[in-house]
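The following account leads through one structure, from its interior to its surface. Please keep the sequence and the coordinates in view while reading.

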Amino acid sequence: MTDVSAPGPLRRLADLYARALRVLLALSLGILVVPVTMQVISRFVPFIPHFIWTEEMARFLLVWMIMIGSVVGVREAGHFVVDLWPRLTRRQAAALDLVANAAILVLALAFLVWGWEYTEFAWWRISELAELPLWLIHIAWPVSGASWLIFAALHAADALRVLTGRDT
């Protein structure tokens, strides 16, 4: 992907958001270790009770980790991109980036629109074991879609600047 850093408040805000997402990703991985470890230990140590909520909590964290990881991947322009033509001019690379980001934008809109419907479906429901509100897990889809929109739009704007010759 093109690597153009146009200064501006929106780009600085997006950079701050990306840093926060990386921290959340690391925290969720660290927290995920706890319920999974508890579940494994309780299976093999007879005097430790079996915690049934740990499986559900691990599933919630895993879904969020995947969705946050995909957003970070879009931000870093590495998740949805495969280099098939490594020797492209800057303008050719920008054109390819524009096509890739257009596809990401379409997928992001789908996640945002239908993800919100998916979240509304779970708004008043709770999980069976941990009795957590299910919207907490379902909202990961529209949040990811909105985040993809932000980062893919910034990458597309960078590619357009290269294609139009406004960036040297």
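**From the core to the surface**

Trp116 is partly exposed, with a relative accessible area of 39%. The model in which this residue is described is a predicted one. Trp123 is likewise partly exposed, at 32% relative accessibility. The ring centres of Trp116 and Trp123 lie 6.2 Å apart and their planes meet at 50°, so the pair is tilted. Together with Trp135, these residues make up one aromatic cluster.

Trp135 also leads to Thr119, a residue of helix α3. Beyond its neighbours within four places in sequence, Thr119 is in contact with Trp135, His138, Ile139 and Pro142. Is Thr119 buried or exposed? With a relative accessibility of 0%, Thr119 counts as buried.

The interior may be considered next. The largest nonpolar core has 13 residues, and those that touch the most other members are Leu21, Val71, Val74, Ile104, Trp148 and Phe151. At least two residues of this core come from each of the helices α1 (9-44), α2 (53-75), α3 (90-121) and α5 (140-163). Apart from this core lies another, of 7 residues, including Val63, Ala122, Ile137 and Ala140. Within the largest core, Val71 may serve as an example: residues up to four places away in sequence not being counted, Val71 touches Leu21, Ser144, Ser147, Trp148 and Phe151.

Phe151 takes part in an aromatic pair as well. The count of such pairs comes to 5. In one of them, the rings of Tyr17 and Phe151 have centres 5.8 Å apart and planes at 15°; the pair is therefore stacked, since planes under 30 degrees apart count as such. Tyr17 belongs to helix α1 and Phe151 to helix α5, and the pair links parts of the chain that are 134 residues apart. The two partners may be compared by accessibility: Phe151 is buried, with a relative accessible area of 2%, whereas Tyr17 is partly exposed, at 29%.

Charged side chains provide further links. Which residue meets Asp158 in a salt bridge? The partner is Arg11, with an N to O distance of 2.8 Å. Because Asp158 lies in helix α5 and Arg11 in helix α1, this pair ties together parts that are 147 residues apart in sequence. Both Asp158 and Arg11 are buried.

The count of salt bridges comes to 4. Another of them joins Asp15 and Arg75, whose closest N and O atoms are 2.2 Å apart. This pair connects helix α1, which holds Asp15, with helix α2, which holds Arg75, across 60 residues of the chain. Asp15 counts as partly exposed, at 25% relative accessibility, and Arg75 counts as partly exposed, at 23%. A further salt bridge is formed by Glu55 and Arg59, with the closest N and O atoms 3.1 Å apart. Glu55 and Arg59 both lie in helix α2, 4 residues apart, which is about one turn of the helix. Glu55 is partly exposed, with a relative accessible area of 47%, and Arg59 is partly exposed, with 41%.

The surface completes the account. Val23, Leu24, Leu27 and Ile31 form a nonpolar patch there, with about 360 Å² of accessible area together. Ile31 has its place in helix α1 and counts as partly exposed, at 46% relative accessibility. In helix α3 lies Val106, which counts as exposed at 59% relative accessibility. The C-alpha atoms of Val106 and Gly165 are separated by 26 Å, the residues being 59 apart along the chain.

Note on methods: Residues are numbered from 1 along each chain as its sequence is written. This is a predicted model: local features need pLDDT of at least 70, side-chain atom pairs count only at pLDDT 80 or more; totals for chains, interfaces and linings use all residues. Side-chain values use heavy atoms; hydrogens and water are left out. A nonpolar core is a set of buried Ala, Val, Leu, Ile, Met, Phe, Trp, Tyr and Cys residues joined through side-chain atoms within 4.5 Å. Buried means under 20% relative accessible area, exposed over 50%, partly exposed in between (1.4 Å probe, protein chains only). Contact means heavy atoms within 4.5 Å. Rings of Phe, Tyr and Trp (its six-membered ring) pair if their centres lie within 6.5 Å; planes under 30 degrees apart count as stacked, over 60 as edge-to-face and the rest as tilted. Patches are made of residues with over 30% relative accessible area and no salt bridge: like charges are joined within 9 Å, nonpolar side chains (Val, Leu, Ile, Met, Phe, Trp, Tyr) within 5 Å. Accessible areas come from the Shrake-Rupley method with a 1.4 Å probe; for residues, only the protein chains shown count as cover. A salt bridge is a side-chain nitrogen of Lys or Arg within 4 Å of a carboxyl oxygen of Asp or Glu.
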